Amino acid sequence: MAYLKLKDINKIYPNGFHAVHDFNLEIEKGEFVVFVGPSGCGKSTTLRMIAGLENISKGEFYINDVLANDKGPRDRQVAMVFQSYALYPHLSVYDNLAFGLTLQGVDEDVIEERVYATAKILGLTEYLQRKPRALSGGQRQRVAVGRAIIRKVGIFLMDEPLSNLDAKQRVTMRSEITQIHRETNATTIYVTHDQTEAMTMADRIVVMKEGYIQQVGTPYELYFNPVNMFVAGFIGEPPMNFLRGTVNNGILQIAEDGENVDAQLDLAPILDKELIDQYNGKKMVLGFRPESIVLGEQENCSAIACQVELTELLGDNTNVYVNIGNSRSVLKVDPHDTPAMDSELTFYIPNKSIYLFDSETEDVIPTIK
Ligand code: ATP
């Protein structure tokens with residue numbers, strides 16, 4: 001029995017906009033699940049339906065096998081952290097943390113104990129008497145997280161909690177939230193549009209697009225076995241490169257805008273014969289990750305010729321932007337192998353790192369791995 005169960009959940013807003021379609025998901029107790037996807041894909045709407053802040057238009061939501069559709073937010077035992085922190089500006093950190101417990105009528109000495117324990121976990125002990133305006137963004141976000149964990153509820157919901165922080169603070173808070181989750185083991189649903197947050201924090205990721213779930217899986221599954229071009233392009237940084245082509249007698253001839261490029265892929269070592277025949281004369285998309293390529297010729301690889309346009313030294317690697325016909329790809333290479341700008345380059349993709357997609361449905365075509 002799953003702890004949380006969303007069955008065929010739909011959200012249709014009063015203006016008729018259908019924001020979430022047939023959302024199905026089961027979440028185990030203690031799991032850290034991340035909803036990720038571009039702006040407007042329905043992540044927050046789904047989270048707010050789980051919180052009880054938005055009604056469910058169609059479908060069933062169960063907590064511990066009990067139908068919860070009509071339960072109010074208080075009866076769902078959820079704590080929510082918002083992007084905006086939502087702290088009380090006139091109250092000290094101590095009182096902000098204590099607020100929810102005071103409302104519940106918890107004894108003063110129990111509150112004091114819990115406030116100090118929570119402040120310790122979050123490194124806020126020395127700021128307890130300050131008002132929120134005298135805190136940095138990162139410290140305010142910690143108070144917001146503290147207000148949620150102090151209530152010791154079973155379900156922890158976070159909506160883009162790190163988006164107001166600068167890049168460095170985000171990295172720090174990311175690992176702190178993961179650490180807090182380890183300590184509290186509260187079932188957590190975390191919404192973000194940032195694939196790095198999803199990859200680094202989640203037990204399982206739910207990738208959404210335009211109100212539909214695209215794929216649910218561990219970070220490893222999504223990175224290595226994406227089900228379609230959307231997931232393949234969303235997970236991974238820089239994203240997967242795509243080259244379009246047509247299959248002709250077992251060869252994928254890369255062509256962009258109708259113009260053939262000097263790149264051909266022998267499909268025999270990559271695809272089952274049946275599939276090669278099925279796609280004969282049809283369009284296909286070749287996908288490869290920037291980090292999967294090699295520069296020296298090797299066995300079981302496919303060669304692609306390109307023109308170097310731009311190189312970006314990042315320290316641990318160089319991003320090399322190349323033109324393959326009319327399309328642009330990015331390659332990740334060792335900084336010592338950085339090619340000259342405007343030079344001709346041939347790189348090699350190990351066959352096991354090649355992804356193929358149906359050009360019409362954009363679904364992955366299973367390759368021989
Ligand atoms: P973001 O990352 O920008 O917050 P999101 O994935 O969380 O995006 P939602 O906020 O869930 O997306 O919104 C999903 C869709 O529903 C969007 O197209 C949005 O414009 C629409 N929407 C949200 N709230 C309402 C509303 N009250 N009435 C009508 N449409 C709404």
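Student: Which helices and strands do the buried residues of helix 4 pack against?

Tutor: This is a predicted model, in which local features need pLDDT of at least 70 and side-chain atom pairs count only at pLDDT 80 or more, while totals for chains, interfaces and linings use all residues. Residues are numbered from 1 along each chain as its sequence is written, and side-chain values use heavy atoms, with hydrogens and water left out. The buried residues of helix 4 pack against strand 6 (78–81), helix 2 (93–103), helix 3 (108–122), strand 7 (155–159) and helix 5 (167–184). Contact here means heavy atoms within 4.5 Å. The helices (H or I, at least four residues) and strands (E, at least two) are DSSP runs, numbered from the N terminus.

Student: What makes helix 4 largely enclosed by the rest of the structure?

Tutor: A residue is buried under 20% relative accessible area, exposed over 50% and partly exposed in between (1.4 Å probe, protein chains only). In helix 4, 10 of the 13 residues are buried, so the helix is largely enclosed by the rest of the structure. The buried residues are G138, Q139, Q141, R142, V143, A144, V145, G146, A148 and I149.

Student: How do you know that the end-to-end distance of helix 4 agrees with its 13 residues?

Tutor: The expected span of a helix is 1.5 Å times one less than its number of residues. For helix 4 (residues 137–149) this gives 18 Å, and the end C-alpha atoms are 19 Å apart, which agrees.

Student: What can be said of helix 1 in terms of burial?

Tutor: Of the 9 residues of helix 1, 7 are buried, so this helix too is largely enclosed by the rest of the structure. K43, T45, T46, L47, M49, I50 and A51 are the buried ones. After helix 1 comes G52, with a positive phi near 90 degrees.

Student: Which residues come nearest to the ligand?

Tutor: Of the 13 residues around the ligand, S39, G40, K43, S44 and T45 come nearest. A residue counts as near a molecule or strand if one of its heavy atoms lies within 4 Å of it. Helix 1 (residues 43–51) supplies the largest share of the shell, 3 residues.

Student: How many residues of each class does the shell around the ligand have?

Tutor: There are 5 nonpolar, 6 polar and 2 charged residues in the shell. Ala, Val, Leu, Ile, Met, Phe, Trp, Tyr, Cys and Pro count as nonpolar, Asp, Glu, Lys and Arg as charged, and the others, Gly among them, as polar.

Student: Why is the pair formed by T45 and the ligand called a polar contact?

Tutor: A polar contact is a pair of N or O atoms within 3.5 Å; within protein, one must be able to donate a hydrogen and the other to accept it, and residues adjacent in sequence count only if both atoms are side-chain atoms. A polar side-chain atom of T45 lies 2.5 Å from an oxygen atom of the ligand, so the pair meets the cut-off. An N or O atom in the side chain of K43 is 2.9 Å from a ligand oxygen atom, and a polar backbone atom of G42 is 3.0 Å from one. Taken alone the ligand exposes 640 Å², and the protein buries 62% of that. Accessible areas come from the Shrake-Rupley method with a 1.4 Å probe; for residues, only the protein chains shown count as cover.

Student: How do you know whether T187 is buried or exposed?

Tutor: The relative accessibility of T187 is 1%, so T187 counts as buried. T187 lies in strand 8 (residues 187–192). A polar atom of the T187 side chain lies 2.9 Å from the backbone nitrogen of G30. Not counting residues up to four places away in sequence, T187 touches a set of residues including Y3, L4, I27 and F156.

Student: Why is S92 called buried?

Tutor: S92 has 8% relative accessibility and therefore counts as buried. This residue is found in the loop between strand 6 and helix 2. Leaving aside neighbours within four places in sequence, S92 is in contact with L128, Q129, R130 and K131.

Student: What makes D8 notable in its backbone, and is D8 buried or exposed?

Tutor: D8 has a positive phi of about 50 degrees although it is not a glycine. D8 lies in strand 1 (residues 4–12). With 36% relative accessibility, D8 counts as partly exposed. E160, also not a glycine, has a positive phi near 45 degrees, and its relative accessible area of 12% makes E160 buried.
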